[in-house]
Amino acid sequence: MKGSENKKDRISSSKEESEEEILFHLDDSSLTSKSFSNYRSAMSILSDDSDHPLATPAETDPLLSPPSPPPPVKNPNSNNDSRIDPLTYAHVNFMPPNRDDQSLSVENPSEESEIVVPLSTPPYLKITVSNPHKEVESSNSIVPGGNTYVTYLITTKTNMPEFGGPQFTVRRRFKDVVTLSDRLLEAYRGFFIPPRPEKSVVESQVMQKHEFVEQRRNALEKYLQRLAKHPVIRQSDELRVFLQVQGKLPLLPTAAVTSRMLDGATRLSKQLLGDTSGGGSVRIQPEDVVQPAKSRWDFLRIMKEMNQAVSNDWGGSKPSIAEEDTGFLENKKRLLNLEKQLTNASKQAELFVKAQQDMAETMGEFGLAFIKVTKFENDQAVLDTQKKRAADMKNLATTAIKASRLYRELNSHTVNHLDMLHDHMGLLLGVHNAFSDRSSALLTVQTITTELDSLYSQAEKLESSSSKTYGSDKSKTLKLGEVREAIRVTEDAKNSAMREYERIKENNRTEIDRLDTERKADFKNMLKGFVLNQVAISEKIGMEWGKIAGETSGYAEHGG
Amino acid sequence: MITTQRSATGGGGLQSPRSPSSQPPYLTVSVTDPAKMGNGVQAYISYKVITKTNFPDYQGPEKIVIRRYTDFVWLRDRLFEKYKGIFIPPLPEKSTVEKFRFSAEFIEMRRQALDTFVNRIAMHHELQQSEDLRTFLQADELTMERARSQDTGIFKRKPSDLMQIFRDVQSKVSDVVLGKEKPVEETNPEYEKLKRYIFELEDHLAEAQKHAYRLAHHLLMNFEEPLKDYVRAVQSIKGTIAERANAFRQQVELAETIKLKEIDLNKFRLTRSEKMSEAEHEYEELKADGEEATKRFETIVRLMNEEIVRFQDQKTQDMGLAFHEFAKGQARLANGIADAWRSLLPKLEALSSS
């Protein structure tokens, strides 16, 4: 894969520039630009790579074609055995937090077996996305060259019995993911479903092809892992089918395209318009009302609901059924507030990461400048003192470069940890969806209720006037029968809609609790990991400088 | 502050309980107590210069005078003129803009640089014997001001220097006329190497200094100052290189003039012209000048050779110290950061229960 090969080159060449070798591999002209673009690209790739668990052997799974080389992050760990305690502690948390369900059970990143685990252990579902391939759309189009698209290899490892296997792969394209997402949103109204990656048409044009593909691959992996993390979604048929069924994805883009719904929609809209003049009993399927009025066939229903919404807001009377759950309203307010706070925190995090990046760069450039001077002095040395000074300078410069690398390492972990903020901000989008599922379900109930009310009053009118007029009895009786029938069906629909509404409310409730618990745990891990990284790396940096300070302490004795 | 431990006349800064006469000679200077004087555009900073010494010509054991930046400049200029061949320690830059702001940082850095300046002079076995140094360290303010105003401005040049300037112009013109535009230069390969080294060094250091400047903004660690000092020292050496080139050129030109004069003289001898005695007289004078010029040049060469060794020695020491301080500061900073973050951990643990 082109992407990872590039990574390999860059990372190994930055490895090459270890302290001793720097002096011999330098030539002044290419110095600053080359080594720094190496650093920068290695590090930017590292931060994209942030989801690969950094130290797990599972990364070398042969199913994932070319295994990416262990990131340079590992090197300082293997070098420095002297300070065991902070390092091993910190090493544990170097793992990107909560990326898979392993974190639910144990903080033990290095033990990830590839064999199926006995069922008594907690369920886990690990999904990775890799290996993008270009494929050609085999359509019978006149246009030569056809339509190309990219597929990704989706690898799943699990011990959940529904899947009937510990490990399997499938190839999917982005369109399939959109389908999966749409179906989940329809089937799991009221749940906080993580939002899928965006289609981003503009970006796909603007960015370099392989960069865009890599970005998308990363986003897809994150999305699927978040789905796998959700206790309800992970057991959904939709997800299972997506992950397992070979060949074309057997999920239709949206439930509304089934022929049943096509008819159902027209029937429903007729019914809602109160159009019973055509004769013939038109039956609403009560299931029809449990779908939101989204598809374009539903536009009549949408109109009805819009009218209802307007009358809710502007009309004189309040609807009989309204949102009364104060607990819910409080939670809603709280979550909206949380969103603001997270946005703020995210901005601060961005500034912080940038500052750390600056620090790393400045320190590195400082070190390299001194390497240059060292080389110069060494070349030109006539006296021994010059050679000694050159040696001192080299040590200083080397330490500065080590420090710079450590800062970069710290930064890539920081990005990793703070990414959890973004995860939860994304989840809050899911929350918005779930809450609007609730309000639209409520709106449907209200609309049907209004409808029902008007049917009741129609029936009343017909009943009270039936005895007055002579001769039109028969047609009136007929009409009354139709209205009563309509009432019956609509009452069924209302019950359906009410059940749906209650179901969504319940989902909301459990989800709020689940999310709050999850967020607390996630953020605590995030902070802990972040702080531990800061401690570990700062200690390392302090140690490096301390070493040099010790080595040069002789100079201090001479002077003041 | 820095004592004369390495001066060629020996002696540490220790004050033994023996009688002053048997004590090794010492000369210690410190520049302290910057104080703002004057107002507005004419404001300046004055410094207390404290000299502790047992040198015979000095008013010992301690003398305090008040000096300002231009006094230091005067001293540097005088030494530069008198001690050709020696690398005069550099001064911090004269800043016309920053001066107005007079930030505490700026003042302190300048004070330190001035302190280092005077001490380096006091430590140098030749320079410490300078009369101008004594004036600087001992004279009362009035005398100092007079001396300073005498030697500043275009009237700085003495008459003999003016003549030299004319001669320089003359020779340049004649060079152009005669078609030899090339300046006269030594052809000493070692010296060539040294010159190239000095010029390149300045460039390298300037770049390193640029990065140190950025680092200083991040870490509030002043590594920039030692580098600036290094750069200034190198620039001072360039001044000496120029002086050496001057001396060399003078010597060469005089030698040529002498040769021409000899030819003239022989002509006059042959023709028994009445101009002969005058010419003889001039010839003898020129020869004396020539010898002097040669001596001057050779002194510069000898001094420079010694100076290079001393310079390299000193620079290794200076930089070593700077590295040490920098590394110490960095270590302290990093450990402080680690401690600060570590203190958060128990609080985070406590969160689990809430």
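This report looks at how chains A and B meet in a predicted model, then at one helix of chain B.

**The interface**

Let's start with the contact between the two chains. On chain B, 47 residues are in contact with 47 residues of chain A. Putting a size on that, the area buried between chain B and chain A comes to about 4,300 Å², and carbon and sulfur atoms give 70% of it.

There's polar chemistry here too: between chain B and chain A, 14 residue pairs are in polar contact, both partners being at pLDDT 80 or more. The rule also finds 3 salt bridges across this interface. One of them pairs Glu349(B) with Lys528(A), with 3.1 Å between the closest N and O atoms.

So much for the pairs; which elements of chain B supply two or more residues to the side that touches chain A? They are listed here:

| Element of chain B | Residue range |
|---|---|
| α7(B) | 189-219 |
| α8(B) | 224-271 |
| α9(B) | 275-342 |
| α10(B) | 345-351 |

Of these, α9(B) gives the most, with 23 residues. Sorted by class, the side of chain B that touches chain A has 25 nonpolar, 13 polar and 9 charged residues.

**Helix α4 of chain B**

Now for a helix inside chain B. Helix α4(B) covers residues 131-138, and its buried residues are Asp132(B), Leu133(B), Phe136(B), Leu137(B) and Gln138(B). What do they pack against? Their partners in chain B are the strands β1 (27-37), β2 (44-53) and β3 (62-68), along with the helices α1 (69-82), α3 (104-123) and α5 (141-150).

At the start of α4(B), a side-chain oxygen of Ser130(B) comes to within 3.0 Å of the backbone nitrogen of Asp132(B), and Asp132(B) is itself among the buried residues.

Methods. Residues are numbered from 1 along each chain as its sequence is written. Chains are lettered from A and ligands numbered from 1 in the order in which they are written. Side-chain values use heavy atoms; hydrogens and water are left out. Contact means heavy atoms within 4.5 Å. Buried area is the accessible area (1.4 Å probe) that two parts lose on being put together, summed over both. A salt bridge is a side-chain nitrogen of Lys or Arg within 4 Å of a carboxyl oxygen of Asp or Glu. A polar contact is a pair of N or O atoms within 3.5 Å; within protein, one must be able to donate a hydrogen and the other to accept it, and residues adjacent in sequence count only if both atoms are side-chain atoms. Helices (H or I, at least four residues) and strands (E, at least two) are DSSP runs, numbered from the N terminus. Ala, Val, Leu, Ile, Met, Phe, Trp, Tyr, Cys and Pro count as nonpolar, Asp, Glu, Lys and Arg as charged, and the others, Gly among them, as polar. Buried means under 20% relative accessible area, exposed over 50%, partly exposed in between (1.4 Å probe, protein chains only).
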